[in-house]
Amino acid sequence: MALHCYLGHGASVTAASMTPFVEGLRARGVLATAIELPKRKAEEAIPAFHKVVPRSPETVVGGHSYGGRVASLAAAEPDAPYAALVLFSYPLHAPGSPDKAAIRTAHFPSIRCPVLLLSGESDPFAKIDLLRQAVATLGGRAELVTYPRLGHGLIPVLDDVLDRVAAFLATPGVRRAG
């Protein structure tokens, strides 16, 4: 069975905003589906996430900003079976509040699956030096790709982003069925 990637959206948009990501991954041979998440605290969205995302070693979870945070919390659960976690513009902290970064990464050491993070170096939601420090705390293999002069959106570099996701999911260490 092939890997299937389930992607959540940012806090101020809907699953439709993930269409370029989903279509781009499908064009690269990666099964992908955008999921709708309730607009509330990430921790409170976990039950809705579990209703639509299969708990399977063939499942890749992730998303943009808030959607990625929800997926990361699910991936940190003790019995999380996911093949990998893909985070687009992880919201490390609210703009202007980098002192809150530790709260949004406290669960990182519990994430054991491989993780790919893609972020703009000028993202107001993630001071790049703090993001690099946070990546080092992840419990499994992790790769951080950054884009100079780019903020919270990755659409200007989407082809490169999706090429990297497809390559990451094809690497040894990303779980897949026999």
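Visitor: Before strand E3, what does buried mean here?
Guide: Buried means under 20% relative accessible area. This is a predicted model, and in it strand E3, residues 59–64, is mostly covered, with six of its six residues buried.

Visitor: Which residues lie on each side of E3?
Guide: Thr59, Val61 and Gly63 are on one side, and Val60, Gly62 and His64 are on the other. Both faces are covered.

Visitor: Why two sets?
Guide: Because in a regular strand the side chains alternate between the two faces of the sheet.

Visitor: In what sense do E1 and E3 pair, parallel or antiparallel?
Guide: Strand E1, residues 4–8, pairs with E3 in the parallel sense, over five bridges. His4 stands opposite Thr59 in E3.

Visitor: And E3 with E4? How many bridges?
Guide: Five bridges, in the parallel sense, to strand E4 at residues 84–88. Val61 stands opposite Leu85 in E4.

Visitor: Through which helix does the chain cross from E3 to E4?
Guide: Through helix H3, residues 66–75, and this β-α-β crossover is right-handed.

Visitor: Switching to the whole protein. How many helices and strands?
Guide: Six helices and six strands. Along the sequence the pattern reads β-α-β-α-β-α-β-α-β-α-β-α.

Visitor: What about the radius of gyration?
Guide: The protein has 14 Å, which agrees with the value near 16 Å for a compact globule with 178 residues. The C-alpha trace spans about 45 × 35 × 30 Å along its principal axes.

Visitor: What share of the residues is buried?
Guide: 51% of the 178 residues. The accessible surface is about 7700 Å², with 57% of that belonging to carbon and sulfur atoms.

Notes:
Residues are numbered from 1 along each chain as its sequence is written. This is a predicted model: local features need pLDDT of at least 70, side-chain atom pairs count only at pLDDT 80 or more; totals for chains, interfaces and linings use all residues. Side-chain values use heavy atoms; hydrogens and water are left out. Buried means under 20% relative accessible area, exposed over 50%, partly exposed in between (1.4 Å probe, protein chains only). Helices (H or I, at least four residues) and strands (E, at least two) are DSSP runs, numbered from the N terminus. Two strands pair if DSSP finds at least two bridges between them. A crossover is right-handed if, with the strands pointing away from the viewer, the path from the first strand over the helix to the second runs clockwise. The radius of gyration is taken over C-alpha atoms; the globule rule is 2.2 Å times the number of residues to the power 0.38. Accessible areas come from the Shrake-Rupley method with a 1.4 Å probe; for residues, only the protein chains shown count as cover.
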